[in-house]
Amino acid sequence: MIRGIIFDCDGTLADTMPLHWRAWQSVTTRHGIAFSETRFYALGGVPSREILQTLRAEQQLAIDPLLVAKEKEEAYLELLSHVGPIEIVVNVAHEHYGKIPLAVASGGTRNVIDKVLRHLEIRDLFAAVVTSEDVVHQKPAPDIFLEAARQIGVAPEFCRAYEDTDLGMQAIRAANMEAIDVRLLLAGKQ
């Protein structure tokens, strides 16, 4: 029996991934960083600062990953007015609000995720919002989902979690939760 539901944000509750890609393109072009769209989507759920640390090491770049991640965040926030909901998932949150506790578990930063949820007028649906700043190990580690479950007071095995990336799905399964792949929902297959 499901007693709590946890949602990723980007690409799950909010249709943000194309806008994140636009922000990444702007910043990587400015800094001469090679970063393909395919790789961007494969790293969905990994915090920008960690992606930039990896790219710096691989390409021997003279960049500060934290500063460039901040630039990317600012470029994305300029696009915030274009963010829309992923209705099929937001509807799940509305249907369960007030019946069982709901949480968000996102690889984004608290500042950005809070702004996205408020922009979509859904922030108040969630008893907890856990971001990359709240855990040490990021997706595909289960930590962010486990922390969200802890904050809403529901044992992981009684949680269902919604995600749109392979790394996020691995994290949910590693947390011993029921995993719902939003990509399949959108394709009408789940």
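**Figure 1. Asn176 in the loop between α8 and β7.** In this predicted model, Asn176 is placed in the loop that runs between α8 (166-174) and β7. Although Asn176 is not a glycine, its phi is positive, at about 65°.

**Figure 2. The salt bridge between Glu178 and Arg160.** The side chains of Glu178 and Arg160 come together in a salt bridge, with a distance of 2.9 Å from N to O. Glu178 belongs to strand β7 (residues 178-181) and Arg160 to strand β6, so this pair ties together parts that lie 18 residues apart in sequence. Is Glu178 buried or partly exposed? Its relative accessibility is 34%, and Glu178 therefore counts as partly exposed.

**Figure 3. The salt bridge between Lys139 and Glu163.** Lys139 and Glu163 form a salt bridge in which the closest N and O atoms are 2.5 Å apart. Distant parts of the chain are linked by this pair: Lys139 sits in the loop between β5 (128-130) and α7 (143-152), while Glu163 is in strand β6 (residues 159-163), 24 residues apart. Lys139 counts as buried because its relative accessibility is 4%, a value under the 20% limit for this class. Glu163 is buried as well, with a relative accessible area of 0%. A network of salt bridges links Asp8, Lys139 and Glu163. In the whole structure, a search finds eleven salt bridges.

**Figure 4. The cis peptide bond from Lys139 to Pro140.** Which form does the peptide bond from Lys139 to Pro140 take? The bond is cis, and its omega is near 20°. Pro140 lies in the loop between β5 and α7. Lys139, on the other side of this bond, is the residue that forms a salt bridge with Glu163.

**Figure 5. The salt bridge between Arg30 and Glu71.** A salt bridge joins Arg30 to Glu71, and the closest N and O atoms of the pair are 2.5 Å apart. The two residues come from distant parts of the chain, Arg30 from helix α1 (residues 17-31) and Glu71 from helix α4 (residues 65-77), 41 residues apart. Glu71 has a relative accessibility of 23% and therefore counts as partly exposed. The limits for that class are 20% and 50%.

**Figure 6. The packing of α1 and α4.** The axes of α1 and α4 are 8 Å apart, and the two helices pack at an angle of about 135°. This angle makes α1 oblique to α4. Their crossing is right-handed. Which residues of α1 meet α4? They are Leu19, His20, Ala23, Trp24, Val27, Arg30 and His31, and their partners in α4 are Val68, Glu71, Lys72, Ala75 and Tyr76. By class, the residues of this contact comprise seven nonpolar, two polar and three charged. Among the residues of the contact are Arg30 and Glu71, the pair that forms a salt bridge.

**Figure 7. Ala69 in helix α4.** Ala69 is located in helix α4. Its relative accessibility of 11% is the reason why Ala69 counts as buried. Which residues are in contact with Ala69, leaving aside its neighbours within four places in sequence? They are Ser48, Arg49 and Leu52. The C-alpha atoms of Ala69 and His20 are separated by 12 Å, and these two residues are 49 residues apart along the chain.

**Figure 8. The packing of α4 and α6.** Helix α6 (residues 110-119) crosses α4 at roughly 10°, and the axes of the two helices come within 11 Å. α4 and α6 are therefore roughly parallel to each other, a term that applies to angles under 35 degrees. From α4, the contact involves Glu73, Tyr76 and Leu77, and from α6 it involves Asn111, Val112, Lys115 and Val116. The contact of α4 with α6 has four nonpolar, one polar and two charged residues. Tyr76 of α4 takes part in this contact, and Tyr76 also appears in the contact of α4 with α1.

**Figure 9. Gln60 in the loop between α3 and α4.** The loop between α3 (48-59) and α4 contains Gln60. Gln60 is not a glycine, yet its phi is positive, at about 50°. Is Gln60 buried or exposed? With a relative accessible area of 67%, Gln60 is exposed, since this class begins over 50%.

Methods: Residues are numbered from 1 along each chain as its sequence is written. This is a predicted model: local features need pLDDT of at least 70, side-chain atom pairs count only at pLDDT 80 or more; totals for chains, interfaces and linings use all residues. Side-chain values use heavy atoms; hydrogens and water are left out. A salt bridge is a side-chain nitrogen of Lys or Arg within 4 Å of a carboxyl oxygen of Asp or Glu. Helices (H or I, at least four residues) and strands (E, at least two) are DSSP runs, numbered from the N terminus. Buried means under 20% relative accessible area, exposed over 50%, partly exposed in between (1.4 Å probe, protein chains only). Axes are lines fitted to C-alpha atoms, for helices over the stretch in contact, and angles run from 0 to 180 degrees between N-to-C directions. Angles under 35 degrees count as roughly parallel, over 145 as roughly antiparallel, 65 to 115 as roughly perpendicular and the rest as oblique. A crossing is left-handed if the near helix is turned anticlockwise from the far one by less than a right angle, and right-handed if clockwise. Contact means heavy atoms within 4.5 Å. Ala, Val, Leu, Ile, Met, Phe, Trp, Tyr, Cys and Pro count as nonpolar, Asp, Glu, Lys and Arg as charged, and the others, Gly among them, as polar.
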